Amino acid sequence: MLDRSYLLICLFALIAMFGGGLIGLYVARALPSHHLTKESGAVVKLSAAVVASLTSLVLALMLSAANGAYSVNAGIVTKLGSDIIQLDHMLRAYGPEADAARVHLRDYAGRKSEELFPAAPPPSRDSRGTADLLDRLLDSILSLTLPDRRHTALAAQALSITNQIYAERWLLWENPGTTVPAPFLFVLVFWLFLVFVSFGVFAPPNLTVVASLFLSALAVTGAIFLILQLGDPMHHSWLQISGEPLQRALLEIGRP
């Protein structure tokens, strides 16, 4: 499932670039011949090369930032699954008194998995119900009696892991989403529009040129699409983060 706004942004970018190339072809036919001399062409091409170089650099930086956001969120999900398994092992080792805490942990893990990786779009990014389940888990751990040093150490480790799960929950909830601000993206598309206009002005108006302009615009649009998808990995997207770590954690903590 793809975010419709991203598709609209990519469609707008494709139309702007390909349309810019066609505008360049049309303008070239309307301009006086002395505007299309070799000297004029050299200046226009040099100016276009400056904008194209700047655009390439910006696209590379955007792709790097988006890939970083994807990797960070994927790492948080993996760490969350690992902490859930480790916490369940601590509670299991504590003994029967921690069974209630284990039940709360299973409830939280199941709800969190459905919340992050649902079959249908959720009503909100993080529901109050999931937070309440985590609070109940914390209360259960804090309510454990500490009859000896062994149980005290297990309870302390369980509390530490629970605090880590709280931190991971907030990191996922505070995910900034797309790493590309809308005004910045608009400026980038405007630069690409200018570059394609310059391509069309000094190109011969034939089918090969038109096809080349379209394919080039499509390729750049694909790069913008990947940047948007990588920069927002927690939404329903083509490149959504895998929920397998949480699924494995659910299977592990589901053992009696």
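**Reading a helical model**

Guide: The buried residues of helix α6 are L185, L188, V189, L192, V195, F196, V197, S198, G200 and V201. Please keep in mind throughout that this is a predicted model.

Visitor: What covers the buried residues of α6?

Guide: Their cover includes helix α1, helix α2 (38-94) and helix α7 (207-230). Helix α6 itself runs over residues 182-201, and its 20 residues reach 29 Å from the first C-alpha to the last, which is close to the 28 Å expected at 1.5 Å a residue.

Visitor: How many helices and how many strands does the whole protein have?

Guide: The protein has eight helices and zero strands, and from the N terminus on its elements therefore read α-α-α-α-α-α-α-α.

Visitor: What radius of gyration does the protein have, set against that of a compact globule of 256 residues?

Guide: The protein has 27 Å, whereas a compact globule of 256 residues would have a value near 18 Å. The spans along the principal axes can be read beside this, since the C-alpha trace extends about 95 × 30 × 25 Å. Of the 256 residues, 40% count as buried, and of the contacts with a separation of 6 or more, 84% are between residues 24 or more positions apart.

Visitor: How should I read a salt bridge, and which side chain meets that of D83 in one?

Guide: A useful habit is to ask which elements hold the two partners and how much of each is covered. The side chain of D83 meets that of K79 at 2.8 Å, N to O, and both residues lie in helix α2, four residues apart, about one turn of the helix. An α-helix has 3.6 residues a turn, so residues three or four places apart point the same way. The two partners can be told apart by their cover: D83 counts as buried at 2% relative accessibility, while K79 is partly exposed at 37%.

Visitor: Which other side chain forms a salt bridge with K79?

Guide: The side chain of E168 also meets that of K79, at 3.4 Å, N to O. Because E168 lies in helix α5 (residues 149-173) and K79 in helix α2, this pair ties together parts that are 89 residues apart in sequence. E168 is buried, with a relative accessible area of 6%.

Visitor: Where can I find a salt bridge in helix α8?

Guide: Look at R248 and E244, whose side chains meet at 2.9 Å, N to O; the two are four residues apart in helix α8 (residues 244-253), about one helical turn. R248 is partly exposed, with a relative accessible area of 47%, and E244 is partly exposed as well, with 45%. By contrast, K79, D83 and E168 are joined into one network by salt bridges that share partners. A search of the whole structure finds six salt bridges.

Visitor: Is R102 buried or exposed?

Guide: The cut-off for buried is under 20% relative accessible area, so R102, at 7%, counts as buried. R102 lies in helix α3 (residues 99-116), and, leaving aside its neighbours within four places in sequence, R102 is in contact with D88, L91, R92, I253, R255 and P256.

Visitor: Which residues form a nonpolar patch on the surface?

Guide: I23, Y26, V27, L31 and L36 form one, with about 420 Å² of accessible area together. One of them, V27, is found in helix α1 (residues 4-30) and is partly exposed, with a relative accessible area of 31%. For the protein as a whole, about 13700 Å² is exposed, and carbon and sulfur atoms supply 68% of it.

Note on methods:
Residues numbered from 1 in each chain as written. Predicted model: local features only at pLDDT ≥ 70, side-chain atom pairs only at ≥ 80, totals over all residues. Heavy atoms only, no water. Patch = residues over 30% accessible without salt bridge, like charges linked within 9 Å, V, L, I, M, F, W, Y side chains within 5 Å. Areas by Shrake-Rupley, 256 points an atom, 1.4 Å probe, with all protein chains shown as cover. Salt bridge = Lys/Arg side-chain N within 4 Å of Asp/Glu carboxyl O. Buried < 20%, exposed > 50% of the residue type's maximum accessible area, 1.4 Å probe, protein only. Expected span 1.5 Å × (residues − 1). Contact = heavy atoms within 4.5 Å. Rg over C-alpha atoms; globule rule 2.2 N^0.38 Å.
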